[in-house]
Amino acid sequence: MDTITDCPTFIDLAAMAAGQSLATGSDPFGSDAQSLPVRAGPCEIFATAIATGEGRYSEIGGDTMILALDGALVLGCEGREIALAKGQSAVIARGTAFSWRADAPVTLIGMRYTDAPQGDGGIVAIDNGATLAPSNPPADEVLLSEKPSCRSNNQFASLDDGQFKCGIWDSTPYTRVPILFRHTELMHLLAGKVTFTDAAGRTATFGKGDTFIIEQGARCSWDSREDVAKIYGTFKPAD
């Protein structure tokens with residue numbers, strides 16, 4: 001992985017979080033969370049650290065995806081528990097009251113969609129091993145390689161026709177020209193490696209276990225020479 005934290009296109013969120021002085025207080029999803037300087041439209045990107053302990057929180061700020069960079073966390077909601085280990089994620093819908101427990105230190109990256117409509121609440125655990133279905137590959141006119149085989153499983157969608165979505169995706173290798181990101185996308189690679197190059201010629205390569213974001217308004221290419229799988233959280237404005 002090439003560590004890039006200040007490029008206005010693709011940003012290594014784990015490296016950015018490591019550069020912050022993260023508080024380990026009693027409000028890790030609220031006042032103790034550290035907002036990260038990322039262009040993500042109506043999404044707030046944040047990092048938070050929990051030493052050990054437990055607490056409760058009401059997610060009133062929006063639909064919030066959290067991903068464990070390290071450690072483990074247990075979320076409780078409506079009589080069930082969701083355990084998140086390193087590289088696992090969940091989405092907490094707006095209006096959800098939940099408990100949390102950390103038996104050892106944990107660091108999280110969060111993506112909060114602040115324009116999310118109010119719904120019935122709840123927590124959706126993103127299943128990294130969920131069954132995938134065929135999904136649309138890149139358009140022919142942007143491809144520099146053979147058309148890849150892409151699959152996905154969208155496991156959460158916001159109530160505004162899914163402008164904010166989270167799930168898993170994989171693809172065979174492909175290369176495409178730079179395209180404009182009208183959307184923003186947080187990715188955590190479960191397998192493979194991909195290299196991005198932006199309009200200014202800056203390049204970064206991310207591999208399995210890396211967590212990064214493509215900022216809204218970025219223009220960059222994609223070059224993967226092996227199969228890639230990822231967790232994604234994406235905001236795409238309505239047309």
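1. A charge counts as sitting over a ring if NZ of Lys or CZ of Arg is within 6 Å of the ring centre and within 35 degrees of the ring normal. Lys 230 meets this with Trp 169: its charged end sits over the ring, 4.4 Å from the centre. Keep in mind that this is a predicted model.

2. Trp 169 also has an aromatic partner. The whole structure holds 13 aromatic pairs. In one of them, Trp 169 and Trp 222 meet edge-to-face, at 5.8 Å centre to centre and 85 degrees between the planes. Trp 169 belongs to strand E14 (residues 164-171) and Trp 222 to strand E20 (residues 219-224), so this pair ties together parts 53 residues apart in sequence. Both Trp 169 and Trp 222 are buried.

3. Trp 222 has a further contact, with Phe 196. This pair is edge-to-face too, with 5.5 Å between centres and 90 degrees between planes. It links distant parts of the chain: Phe 196 is in strand E17 (residues 193-197), 26 residues from Trp 222 in strand E20. Phe 196 and Trp 222 are both buried.

4. These rings belong to one aromatic cluster. Its members are Phe 10, Trp 169, Tyr 174, Phe 196, Phe 206, Phe 212 and Trp 222.

5. Now the sheet. It is open and antiparallel, with 6 strands in the order E2-E3-E10-E5-E8-E11. Strand E2 (34-35) and strand E11 (123-126) are the edges, each pairing on one side only.

6. Within that sheet, strand E3 (residues 43-50) runs antiparallel to strand E10 (residues 106-113), and 8 bridges join them. For register, Phe 46 stands opposite Gly 110 in E10.

Notes. Residues numbered from 1 in each chain as written. Predicted model: local features only at pLDDT ≥ 70, side-chain atom pairs only at ≥ 80, totals over all residues. Heavy atoms only, no water. Pairing = 2+ DSSP bridges. Helix = DSSP H or I, 4+ residues; strand = E, 2+ residues; numbered from the N terminus. Phe/Tyr/Trp six-rings, centres within 6.5 Å; stacked < 30°, edge-to-face > 60°. Buried < 20%, exposed > 50% of the residue type's maximum accessible area, 1.4 Å probe, protein only.
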